[in-house]
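Please read this briefing alongside the sequence and the 3D view. It is written for a reader new to the structure.

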Protein chains: 2
Amino acid sequence: MYTQLSEHIRRFVTLTVDEEQLLQAKIQSKTLKKKEFLLQPGKVCPGNYFVVKGCLRLYFVNDKLNEQITQFAIESWWIADYDSLLNKQPSQCYIQAIEPCELFFLPAMHQTELFEQVPKLQTYFYIMMQKAFVASQRRIGFIFNQSDEERYRHFVKLFPGFIQRVPQYMLASYLGFTPQFLSRLRAKKD
Amino acid sequence: MYTQLSEHIRRFVTLTVDEEQLLQAKIQSKTLKKKEFLLQPGKVCPGNYFVVKGCLRLYFVNDKLNEQITQFAIESWWIADYDSLLNKQPSQCYIQAIEPCELFFLPAMHQTELFEQVPKLQTYFYIMMQKAFVASQRRIGFIFNQSDEERYRHFVKLFPGFIQRVPQYMLASYLGFTPQFLSRLRAKKD
DNA sequence: CGCGACGTTGATTTGCCTCAACGATTGTGG
DNA sequence: CCACAATCGTTGAGGCAAATCAACGTCGCG
């Protein structure tokens, strides 16, 4: 069970056995039922979560009272509200389980301690953050340069199989259009 | 001149005199004329640039042969094509000076060395990256939840004075609409 | 069984783009 | 120093993609 995280880290940095144990000591397991919340508005995000099994969404409620999904997380992804985590401010977001989930939780304070004990772990999280940043820059590029239809086709190609795991209205929200429009897209050709 | 970077770092981590000197030794000065390029497609982004004075844009040319600006950088911001830098792949972007610029250049290889010598600098860049990620997540939120008009008003409120530094068509590109539309917005009420 | 959640489909509206023409300003070569 | 081109902004007319509003079908679950 812990091996999944361990393997993921090994893809980017090499830890000694001692260092692995330091990490393991700081990590907690957590399970969520479907539709259960990991974070709700008003609470400060307490740390980082690593998805062992399951699927979550990060979203907020916009001015028009619609849910706007900004991120999904599946197996071997980290998720947190970094805006809240970094600035120690109350979150404005929900993080919710779409499926039953098994997670690892790394509390923010433990993480800072860890970085001093094991600088290589800071390197690992630095790389994760760079990847996340690059991904969101790419996403901004796609938003501005592709039509909604192109973006949908592109997403399906990029994450085949994922569409079966989430309701269509969530996918529509993530892609930035209405469920009705997505339904029409699928009717055209699929 | 170097003090500007030094002060910026001090806002996040505290360096000893020795550590500051290690950093200074790795950094190069660079100046750009207006419209000069810092990076062009096909070249691997060689490192990070810190803007001492001036203003730059990062953009790429999309399928419809329009320039799509994804980032601006002004005084005390870092800029680079992280997609290229992180994956060591040829860039698909241009980074161009909008005004005459004074920059500091931190080559990628020097940066990795520095991180080993001075872990606190890795912490600093980790924080920068987190901030950049949060900013781009917020931007995605704005794109999906505000009309083009609202986004323009919001941007002007957030960076008053900046609109005088860049041509309108660049601002329109960054905000994701046409120069004509921006012109109409300004005509309405300003 | 009946209710709520989710998806589909049709009719209408609208925000923004496209195409096009025209000023104003800046820059450049003769 | 002027003439001309290039760049940038403005304005008008027409078109289209996607939203909105609304009704209906279907599945799963208490």
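The points below cover the two copies, a strand pairing, one side chain and its surroundings, and salt bridges.

This is a predicted model, in which local features need pLDDT of at least 70, side-chain atom pairs count only at pLDDT 80 or more, and totals for chains, interfaces and linings use all residues. Residues are numbered from 1 along each chain as its sequence is written, chains are lettered from A and ligands numbered from 1 in the order in which they are written, and side-chain values use heavy atoms, with hydrogens and water left out.

**The two copies**
- A turn of 179° with a shift of 0.0 Å along the axis lays chain B on chain A with an RMSD of 0.1 Å (least-squares superposition on the C-alpha atoms of residues with pLDDT of at least 70 in both).
- This is the relation of a two-fold axis.
- The C-alpha of B:F133 is the one in chain B nearest the axis, at 2.4 Å.
- Both copies use the same surface, as 97% of the contact residues of chain B recur in chain A (contact means heavy atoms within 4.5 Å).

**Strand β8 of chain A**
- Six of the seven residues of strand β8 (residues 101-107) of chain A are buried (buried is under 20% relative accessible area, exposed over 50%, partly exposed in between, with a 1.4 Å probe and protein chains only; strands are DSSP runs of E, at least two residues, and helices runs of H or I, at least four, numbered from the N terminus).
- Strand β1 (residues 28-32) of chain A pairs with β8(A) in the antiparallel sense over five bridges (pairing requires at least two DSSP bridges).
- A:T31 has A:E102 in β8(A) as its bridge partner.
- Strand β3 (residues 47-53) of chain A also runs antiparallel to β8(A), joined by six bridges.

**B:F72**
- B:F72 lies in strand β5 (residues 67-73) of chain B and is buried, with a relative accessible area of 8%.
- Beyond its neighbours within four places in sequence, B:F72 contacts several residues, including B:L56, B:W77 and B:F162.
- B:L56 is 16 residues from B:F72 in sequence, with 5.7 Å between their C-alpha atoms.

**Salt bridges**
- The whole structure has 18 salt bridges over all chains (a side-chain nitrogen of Lys or Arg within 4 Å of a carboxyl oxygen of Asp or Glu).
- In one of them, the closest N and O atoms of A:E19 and A:K120 are 3.1 Å apart.
- This pair links helix α2 (residues 17-26) and helix α5 (residues 119-145) of chain A across 101 residues.
- A:E19 is buried at 15% relative accessible area, whereas A:K120 is partly exposed at 33%.
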